[in-house]
Amino acid sequence: MTGAGHVDGDAGVAASRLQLPAGHWPTLLDGLCARFPAIPRAQWLDRFARGRVQDRDGRALSATDPYRVGLELRYFREVAGEAPIPFRETVLHADDDLWVVDKPHFLPVVPAGRHVAETLLARLRRTSGNADLVPLHRIDRATAGLVLFSASRRTRARYQALFRERAIDKTYEALAPALPDVAFPCVRRSRLARGEPFFRMCEVEGEANSETRVDVIARSEDIWRYRLQPVTGRKHQLRVHMAALGAPIIGDTVYPRLLETDVEDFSHPLKLLARGLAFVDPLTGLRREFTSRREL
């Protein structure tokens, strides 16, 4: 099994964990190469040499150490030649329990795929030294705006409950084509399911499991500014719902059609912004409201 653990001081990246499964490999190196065939043997040797394969207590292991079933390892995911993302986040609020961060477009919240060090979580852990920072929710890499982080294990569950109980008011803004024939405000409800390819979502028949409230903030001739308030938090919900209404969000390369893109092309951001978050703080009982400083 794998999961977040300690933070590496150099990269700010959480260690993944692996409990060695049954096998008869003579060395740790042989076992790891068999377990992760996509990672070259030379790359594992380099990780061992730099102390980036460790036991559960953080002690560096050797590539030639014997393979022992059940041994718990810590290792650090790396992406060779990971490209920097040339946009910076802004910390709007930070205390011992809660951080509020204004994320730029193109920056993932957590490590995934080719993004490990260049993620919001890794950057914040690296600059703060706080290994307990954990996002309480996520927004797409393509979306900019507010993300809440728990800064303490002691109070994390109380903030997580806000999302589970839908006790947070979330407001987004989007730029999309005009919809003169739709009466606003309106509500889009539908059943979302995984589509093709695997990372896309689609609307299917069945009981609705997603709901978005849509209104218009400003109108111009062709492009309107919309206020989107998700009642539920399904993957890509806002993007799917706007495309289904007939107004795909400007810059969307996934909905309604999948377009070929260069992941290092930052010239056409998705015009979607997590503008506001409001909730009653479970620790103080006071209402808190936060607003992104970014503009579309």
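These legends go with four close-up views of a predicted model.

**View 1. A three-stranded open sheet with S3 in the middle of the order.**
Read across this little corner of the model and the strands come in the order S1-S3-S2, with antiparallel pairing. The edges belong to strand S1 (16–19) and strand S2 (53–55), each of which pairs on one side only. From one strand to the next, the twist averages 30°. Zooming in on one pairing, S1 and strand S3 (residues 72–75) run antiparallel and are joined by four bridges. Look for two arginines here: Arg17 stands opposite Arg74, which belongs to S3.

**View 2. Two buried cysteines, Cys33 and Cys186.**
Where do these two sit on the accessibility scale, buried or exposed? Cys33 has a relative accessible area of 17%, so it counts as buried, the cut-off being under 20%. Cys186 comes in at 14% relative accessibility and is therefore buried as well. As for sulfur bridges, the structure holds zero disulfides.

**View 3. His137, tucked into a loop between two strands.**
The loop in question links strand S6 (134–135) and strand S7 (144–150), and His137 is found there. With a relative accessible area of 12%, His137 is buried. Which residues does His137 touch, once those up to four places away in sequence are set aside? The list is Val109, Leu146, Val147, Leu148, Phe163 and Leu277. Leu148 deserves a second look: its backbone nitrogen lies 2.9 Å from a polar atom of the His137 side chain. For a sense of scale, pick out Ser150 too: it is 13 residues from His137 along the chain, and the C-alpha atoms of the pair are separated by 9.8 Å.

**View 4. Asp252 and its polar contact with Arg239.**
This view moves to another loop, the one between helix H5 (237–245) and strand S13 (272–280), where Asp252 is found. How much of Asp252 is accessible, in relative terms? The figure is 9%, so Asp252 counts as buried. The side chains of Asp252 and Arg239 are joined by a polar contact of 2.9 Å. Leaving out neighbours within four places in sequence, Asp252 is in contact with Leu259 and Leu270 as well as Arg239. So the picture to take from this close-up is a buried aspartate, with its side chain in polar contact with that of Arg239.

Key: Residues numbered from 1 in each chain as written. Predicted model: local features only at pLDDT ≥ 70, side-chain atom pairs only at ≥ 80, totals over all residues. Heavy atoms only, no water. Pairing = 2+ DSSP bridges. Axes fitted to C-alpha atoms, helices over the stretch in contact; angles between N-to-C directions. Disulfide = S-S within 2.5 Å. Buried < 20%, exposed > 50% of the residue type's maximum accessible area, 1.4 Å probe, protein only. Contact = heavy atoms within 4.5 Å. Polar contact = N/O pair within 3.5 Å; in protein donor to acceptor, adjacent residues only side chain to side chain.
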